[in-house]
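Biologist: Please take one part of this model and look at it closely. Then tell me how its surroundings are built.

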Amino acid sequence: MTKTIVSVSNLSFSYGDNKVLEDVSFNIDEGDFAGIIGANGSAKTTLLKLMVGLLKPDKGSVELMGKAVKNFKEYKSIGYISQNVRDFNPMFPATVKEVVAANLYDYGGFFRRIKKKDTEKIYKALEIVEMESFINKKIGDLSGGQKQRVFIARALVNEPKILFMDEPLVGVDVASQTKFYSLIEKINRDYNITLVMVSHDIGIIFEKVNKILCLANGKVFTHNTNQTICLEMLKDVFGNDMNILLHKH
């Protein structure tokens with residue numbers, strides 16, 4: 001039986017007088033790889049922040065694993081990679097090990113003494129993303145694609161059930177993007193971690209996910225990607241831009 005891991009019901013949200021989401025409802029099930037797409041300014045990041053409890057809706061509700069997000073306390077069971085990781089200071093003197101370890105602790109994660117049992121968790125997370133040989137390297141010495149893998153390991157170190165990602169591939173070269181998709185498909189398939197990913201690259205995300213959440217005019221249109229109606233819906237939303245948005249690499 002399919003188990004719902006995220007449930008959004010009649011959700012609305014505004015920035016001042018600007019209503020960006022109105023009466024939105026959808027479910028994400030355990031094992032899904034869900035892609036969130038939409039034009040610039042369509043509130044993709046806002047929707048993701050509402051799902052993880054970083055923003056409070058004007059009305060409606062969000063449930064994570066059957067619990068209202070406002071009462072949800074099991075935050076180590078979810079992973080969240082925000083757009084802010086792209087702004088990580090390359091001169092920050094932390095090692096890969098310290099960056100991943102920081103997510104194990106509620107405070108003082110960087111530069112604190114790392115316990116042996118935690119080192120094992122860190123190594124396992126880095127092994128999943130094939131970065132274990134970089135464990136003692138400075139984070140600032142890594143390429144953009146390598147940094148992205150480290151931040152995935154940081155999200156995985158607590159063995160989450162669901163991983164939220166906000167446009168993780170902006171600024172990452174095409175070769176690293178291909179490796180990234182192979183990695184997260186493995187995480188989804190082999191570790192049964194549910195994935196929710198905001199993406200600006202509709203052409204690729206459309207091919208990779210099993211569920212599409214398309215934002216337009218404050219609404220969310222949800223379809224499984226094997227349904228013809230999904231493509232028709234995208235054409236209605238993006239019109240003449242579809243040929244550009246659905247480009248192939």
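Modeller: Start at A43, which sits in the loop between β3 (33-38) and α1 (44-52). Helices (H or I, at least four residues) and strands (E, at least two) are DSSP runs, numbered from the N terminus. This is a predicted model, where local features need pLDDT of at least 70, side-chain atom pairs count only at pLDDT 80 or more, and totals for chains, interfaces and linings use all residues. Residues are numbered from 1 along each chain as its sequence is written, and side-chain values use heavy atoms, with hydrogens and water left out.

A43 is not a glycine, yet its phi is positive, at about 80°. Its relative accessible area is 9%, so A43 is buried. Buried means under 20% relative accessible area, exposed over 50%, and partly exposed in between (1.4 Å probe, protein chains only).

Set N192 beside it. N192 also lacks the glycine excuse: its phi is positive, at about 50°. Its place is in the loop between α5 and β8 (194-198), just after α5. N192 is partly exposed, because its relative accessibility is 44%. A43, by contrast, is buried at 9%.

Now step back into α5. This helix has 17 residues. From its first C-alpha to its last it reaches 24 Å, close to the 24 Å expected at 1.5 Å a residue. The expected span is 1.5 Å times one less than the number of residues. Its buried residues are S176, Q177, F180, Y181, L183, I184, K186, I187 and N188. An α-helix has 3.6 residues a turn, so residues three or four places apart point the same way. The cover over the buried residues of α5 includes β3, α3, α4, β7, β8 and α6 (202-208). So α5 leads back to β3, the strand on one side of the A43 loop.

α4 is worth a look too. Helix α4 (residues 144-156) has 13 residues and should span 18 Å at 1.5 Å a residue; its end C-alpha atoms are 18 Å apart, which agrees. Ten of the 13 residues are buried, so α4 is largely enclosed by the rest of the structure. Those buried are G145, K147, Q148, R149, V150, F151, I152, A153, A155 and L156. Both charged names such as K147 and R149 and hydrophobic ones such as F151 and I152 appear in that list. Their cover includes β6 (78-81), α2 (96-101), α3 (116-128), β7 (162-166) and α5 (174-190). α3 and β7 are thus found in the cover of both helices.

The N-terminal strands come next. Strand β1 (residues 4-15) and strand β2 (residues 18-29) pair antiparallel over eight bridges. Two strands pair if DSSP finds at least two bridges between them. V8 has F26 of β2 as its bridge partner. Two residues separate β1 and β2 in their hairpin. One turn residue, G16, has a positive phi of about 65°. β1 also pairs with strand β4 (residues 59-64), again antiparallel, over five bridges. There S12 has K59 of β4 as its bridge partner.

Last, the whole chain. The protein chain has eight helices and ten strands. Of its 249 residues, 49% count as buried. Among contacts between residues at least 6 apart in sequence, 64% join residues at least 24 apart. Contact means heavy atoms within 4.5 Å.
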